[in-house]
Amino acid sequence: MITSEVYKLADTVLAKKNIIAAADQLRDYVVSCRRDFHKHAEVGWTEFRTGSIVARTLLDMGGWQVEYGPSIYDKSLMMGMPSEAQLEKYMQRAIAQGGDKEIIEKMRGGYTGVVATLVTGDGNGPTVAFRVDIDANDLIEAKEEKHRPYREGFASINDGAMHGCGHDCHTATGLLAARILLANKDLLPPGKIKIIFQTGEEGGRGGQPMAAAGVADGADYFMAIHVGVQKDGALGGIAAGVSHMMNSTKSDVFFKGVSAHAGGDPDKGKNALLAAANAVINLYAISRHSAGTSRVNVGVLEAGVGRNVIADRAMMKMEVRGETDTVHEYMQERALAVIEGAAKMYGVDYVVKKAGQTITAPCDDKMVDFVVDAAMEIPGIKRAIRVESMSGGGEDCTFFMRRVQAGGGIATMAMIGTNGPAVAHNEYFDVDEEVLLNGAKLIGVVAVNALAKGKAK
Ligand SMILES: [Zn+2]
Ligand SMILES: [Zn+2]
């Protein structure tokens, strides 16, 4: 006798087969999406074009509930924001570059993320949530023939913004996954699928306020994805989980001194440039903690206004990282002491403004196994390892992971392997675009399997 259970099983098998085939058929679509986002790279809180196109595309698909604007953020936790004037400038740029004006208006203030929800059947089932991030890096893209995005005409046209971490790929992957899941909606077991298009991952800024607004709450299963780029042989592999994520604190530091004629009255000045320069050197000289790995970096240093003027202002963008809370707190405490000491040496004032944060979160073994099993159902994925070390990297998808775990769900961050000519955050960064298909198929199969399995608890 054929029971309804058998029909249901047949439906999920068919859904997965369709999803995998549909992804392959939409190769040109997803590649063109990725290249369009790559060309119009936007850094954290300014992804008006990207976010509005994501929202518009999902709305046009029909079937997905699409949320965007202030309701998906806890405003009090939005850090490292550009000024209002800058936000306005980037909004206008986004409109000029083909963003959706009406949607952009509702994203005013930097609320550039999008949350999409697909209710399957009567909705009475588990919730499975995915995180893809959409922001670019503060980076100047290579403009040389050897760099494919430049050679093929999709290098960033936005000064100082480049997708050097692959978030253009994540955005396109999320849209492809949305399309192929929707096309098979009627075959899917009841429940909810969520795709969170997160802003401002770089600098650890977007995850916390979106997680605090509850956008991932109630998820039984959660998976964040990230491309993992290696020079050779990474394509076709995935890591279902990561270890050694770093806690980090990002800060903007402002030194304020006194300007004076550098030749005539050097003793009347208070040199902010020297204070900042000494702070930088000594930040890198912090003794390392014995209890775990740590990092420190100053990525931006700006000071002074004129050749013969004692520099009365300096600004730096810096971060510290630590593998454990203890190591992280130690690094931050020592960093603040170094900054204070450097300011004191030159008699200048200073302000430290927190600009972002990442925390750690464990990948749940059960979710890791679940993702490995799903990956092995996908012909394009040949190898799946359980856990890869992020060795010094950090991610703010951890804020979602913690919320999901606190609610009794299981969570992981998966790396989708691809070959590429350069490391992340490098001006020559690029991927093998086959990774877009592997990512979307993985989201698709994990979603189907999660809905079929029921609540994770
Ligand atoms: Zn990234
Ligand atoms: Zn990055």
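This talk walks through the two zinc sites of the model and the strands around them.

Good morning. One caution first: this is a predicted model. Please keep that in mind.

Start with zinc ion (ligand 1). Which residues coordinate the zinc ion (ligand 1)? Cys165 does so through SG, and His167 and His226 each through NE2. The distances run from 2.1 to 2.4 Å. Along the sequence, these donor residues follow the spacing C-x1-H-x58-H. Cys165 sits in the loop between β5 (161–162) and α7 (167–183), while His226 belongs to strand β7 (residues 221–230), so this pair ties together parts that are 61 residues apart in sequence.

Now accessibility. Are Cys165 and His226 buried or exposed? Cys165 is buried, at a relative accessible area of 8%. His226 is buried too, also with 8%.

Next, zinc ion (ligand 2). Its donors are Cys165 (SG), Glu202 (OE) and His425 (NE2). Here the distances are 2.1 to 2.2 Å. The spacing along the chain reads C-x36-E-x222-H. Glu202 is in the loop between β6 (191–198) and α8 (207–212). His425 is in the loop between β14 (410–419) and α13 (434–453). So the pair Glu202 and His425 joins parts that lie 223 residues apart in sequence.

These two donors differ in accessibility. Glu202 is buried, with a relative accessible area of 12%. His425 is partly exposed, at 43%.

You will have noticed one name in both lists. Cys165 coordinates both zinc ions. Cys165 is the bridge between ligand 2 and ligand 1. How far apart are the two zinc ions? They are 3.2 Å apart.

Back to β7, the strand that holds His226. How many of the residues of β7 are buried? The count is 8 of the 10, so β7 is largely enclosed by the rest of the structure.

What does β7 pair with? Take β3 (residues 127–133): it runs parallel to β7, joined by 4 bridges. One of the contacts here puts Ala129 opposite Phe222 of β7 as its bridge partner. Then there is β14. β7 and β14 are also parallel, and they pair over 10 bridges. In that pairing, Gln230 has Asn419 of β14 as its bridge partner.

Now put the pieces together. β7 carries His226, a donor to ligand 1. β14 pairs with β7. The loop between β14 and α13 carries His425, a donor to ligand 2. And Cys165 coordinates both ions.

That is the picture. Thank you.

Notes
Residues numbered from 1 in each chain as written. Chains lettered and ligands numbered in written order. Predicted model: local features only at pLDDT ≥ 70, side-chain atom pairs only at ≥ 80, totals over all residues. Heavy atoms only, no water. Donors = N, O, S within 2.8 Å, 3.2 Å for Na, K, Ca; no water. Helix = DSSP H or I, 4+ residues; strand = E, 2+ residues; numbered from the N terminus. Buried < 20%, exposed > 50% of the residue type's maximum accessible area, 1.4 Å probe, protein only. Pairing = 2+ DSSP bridges.
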